[in-house]
Amino acid sequence: MRIQFISALAICVAFWTGGGPASADTPVTYTDNGRALFSFSVPDFWALRTGGPREIEDTELGDPRAVARVMGLRPVTDDSAWMGFVSPVGVASIDDGLRYLQDIDKFLVKDPTVTGTSTTRIGGLPARVIRGTGMRERRGVNFTATVIDLPNGRVAVAVAILRDGADPAYVDDLNAVFASFRSLQ
Amino acid sequence: MTRKLIKRAVLALGLGAASLTLSACDGVTVGVGYGYDPFYDSMLWNDYYHDVNVDIDIDRPDRPRPPDGRPPARPVPPIAKPPNRPPVSRPPNRPRPPVARPPVARPPIHRPAGRR
């Protein structure tokens with residue numbers, strides 16, 4: 001099953017620049033300080049969590065740090081698929097974005113194993129895609145982490161996660177979100 | 001006949017209005033909602049700004065470095081600890097007077113007592 005998911009994701013990644021199935025119908029705009037950075041569409045019957053800029057603190061180190069807006073998407077009645085977008089402040093290039101990903105992947109999944117990386121274009125913009133597997137709460141997960149190079153020195157980091165046993169139809173939904181990605185600058 | 005018809009119509013309309021009013025109290029939401037969301041919380045957390053030193057919180061001064069070397073030895077407290085002594089010998093066991101003891105198992109609080 002896992003191999004099927006990976007291959008399905010891989011095949012669909014190749015078609016990201018083309019149109020995916022039209023199951024992503026609600027456009028959403030990611031803004032930072034009132035500036036629209038990019039937009040994507042939320043699939044039908046998915047829930048969007050918008051978040052916002054804030055500061056969180058490590059209770060052990062007493063070290064507050066700023067966090068950019070994180071937008072999370074998941075099916076309304078299921079938690080086996082998840083997708084998140086963030087455009088971190090001060091991360092200007094794809095290489096910086098990859099380093100940013102390295103610093104968050106240990107929180108997202110345990111024991112991550114990268115199964116493949118590729119360079120592609122998403123929404124007409126250069127992007128780097130990292131696919132892999134890992135564990136989270138004793139369940140295997142497939143993850144697809146993407147760094148998309150936005151104009152004006154910003155990147156968009158998108159992470160799509162499918163837990164083992166998830167409905168394969170979610171792959172289409174996730175790819176539809178990528179297909180709807182557009183820069184707004 | 002007409003009276004009966006009007007009565008029935010009023011009853012039917014009233015019941016319909018009542019069922020609509022009652023059903024309005026019920027929510028239409030279906031699903032699990034946003035409860036525990038581990039991936040969202042994880043994506044908030046990152047160590048990136050530790051390594052790159054981006055000026056994203058401008059107002060905060062740099063953290064001072066901790067002093068090098070080992071911390072100094074702790075001073076000896078002015079009041080010395082009492083030396084370990086053997087415990088004072090206990091008095092010999094005596095027969096104890098009979099004392100009323102609380103019941104072993106008390107009925108739990110907040111429970112209505114049975115009828116007596």
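Which loop of chain A holds A:Asn152? This residue lies in the loop between strand E10 (139–150) and E11 of chain A, and it is shown in the last view below. The structure is a predicted model, in which local features need pLDDT of at least 70, side-chain atom pairs count only at pLDDT 80 or more, and totals for chains, interfaces and linings use all residues. Residues are numbered from 1 along each chain as its sequence is written, while chains are lettered from A and ligands numbered from 1 in the order in which they are written.

**View 1. The largest nonpolar core, with strand E11 of chain A.** The largest nonpolar core (buried Ala, Val, Leu, Ile, Met, Phe, Trp, Tyr and Cys residues joined through C-beta atoms within 7 Å) has 50 residues, and A:Val157, A:Val159 and A:Ile161 have the most contacts inside it. Strand E11 (residues 154–163) of chain A supplies the largest share of this core, eight residues. Helices (H or I, at least four residues) and strands (E, at least two) are DSSP runs, numbered from the N terminus. Leaving aside residues up to four places away in sequence, A:Val159 touches A:Met83, A:Gly84, A:Leu108, A:Phe143, A:Ala145 and B:Met43; contact requires C-beta atoms, placed from the backbone, within 7 Å.

**View 2. Surroundings of A:Leu101 in helix H2 of chain A.** A:Leu101 belongs to helix H2 (residues 94–108) of chain A. This residue is buried because 21 other C-beta atoms lie within 10 Å; the class requires 20 or more such atoms, exposed means 12 or fewer, and partly exposed is in between, with C-beta atoms placed from the backbone. Residues up to four places away in sequence not counted, A:Leu101 touches A:Ile130, A:Ala145, A:Val147 and A:Val157.

**View 3. The side of chain B that touches chain A.** Here 19 residues of chain B are in contact with 26 residues of chain A. Helix H2 (38–44) and helix H3 (48–52) of chain B each give two or more residues to this side, and H2(B) gives the most, with six residues. Among the elements of chain B, mean pLDDT (the predictor's confidence in each residue, from 0 to 100) is lowest for H3(B) (61) and highest for H2(B) (85). The predictor gives the complex an ipTM of 0.74 and a pTM of 0.59.

**View 4. Positive phi at A:Asp111 and A:Asn152.** A:Asp111 lies in strand E8 (residues 110–122) of chain A and has a phi near 50°, although not a glycine. A:Asn152, likewise not a glycine, has a positive phi of about 60°. A:Asp111 is exposed, with 10 other C-beta atoms within 10 Å; A:Asn152 is exposed, with 9.

Note on methods: Two residues are in contact if their C-beta atoms, placed from the backbone, lie within 7 Å.
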